[in-house]
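Me: Please take one part of this model and go through it closely. I want to know what it touches and how its side chains are placed.

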Amino acid sequence: MIRIIEEKNSGKTRKLMEACADNHGVFVCANPYAAREKAHAYGIVGIRNFISYEQFMSDIYGYTNYFIDELENMFKNRVGGYTVSLE
């Protein structure tokens, strides 16, 4: 599992996209179309697919290797609270 915990605007998404491409994974995010364009602009190839949080939660594709961008956004309307360790 790859965990990227850094400050805002530190390149977390790009690093995650690179890891996703290296592992031929599926990139899960709020806006798959914008993420696809961002990856293209970065020159990142090899990402298997770009899907939304809703698609991930419904598991309509059945993939197994997911890379989730801004994980907290996926749950913000569904969860009342959570904790995260920096370990």
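Reply: Contact here means heavy atoms within 4.5 Å. Helices (H or I, at least four residues) and strands (E, at least two) are DSSP runs, numbered from the N terminus. The model is predicted, so local features need pLDDT of at least 70 and side-chain atom pairs pLDDT 80 or more, while totals for chains, interfaces and linings use all residues. Residues count from 1 along each chain as its sequence is written, and side-chain values use heavy atoms, without hydrogens or water.

The part I pick is helix α1, residues 12-22. Start with its inside. Lys12, Thr13, Leu16, Met17, Ala19, Cys20 and Ala21 are its buried residues (under 20% relative accessible area, 1.4 Å probe, protein chains only; over 50% is exposed, in between partly exposed). They pack against β1, α2 and β3 (66-68).

Now the neighbouring helix, α2, residues 32-42. From α1, Thr13, Arg14 and Met17 reach it. They meet Ala35, Lys38, Ala39 and Tyr42 of α2. The two axes lie 11 Å apart, at an angle of about 85° (lines fitted to C-alpha atoms over the stretch in contact; angles run from 0 to 180 degrees between N-to-C directions). The helices are therefore roughly perpendicular (65 to 115 degrees; under 35 is roughly parallel, over 145 roughly antiparallel, the rest oblique).

Next, charges. Arg14 forms a salt bridge with Glu18 (a side-chain nitrogen of Lys or Arg within 4 Å of a carboxyl oxygen of Asp or Glu). Their closest N and O atoms are 3.3 Å apart. Both residues sit in α1, four residues apart, about one turn of the helix. An α-helix has 3.6 residues a turn, so residues three or four places apart point the same way. Arg14 is partly exposed, at 35% relative accessible area. Glu18 is also partly exposed, at 33%.

Lys15 makes a salt bridge too, with Glu6, at 2.9 Å from N to O. Lys15 is partly exposed, with 35% relative accessibility. Glu6 is partly exposed as well, at 37%. The whole structure holds two salt bridges.

After α1 comes His24, with a positive phi near 50°.

Last, the strand behind that packing. β1 (residues 26-29) runs parallel to β2, joined by four bridges (at least two DSSP bridges make a pair). One of the β1 residues, Val26, has Asn49 in β2 as its bridge partner. Between these strands the chain passes through α2, a right-handed β-α-β crossover (clockwise from first strand over helix to second, strands pointing away from the viewer).
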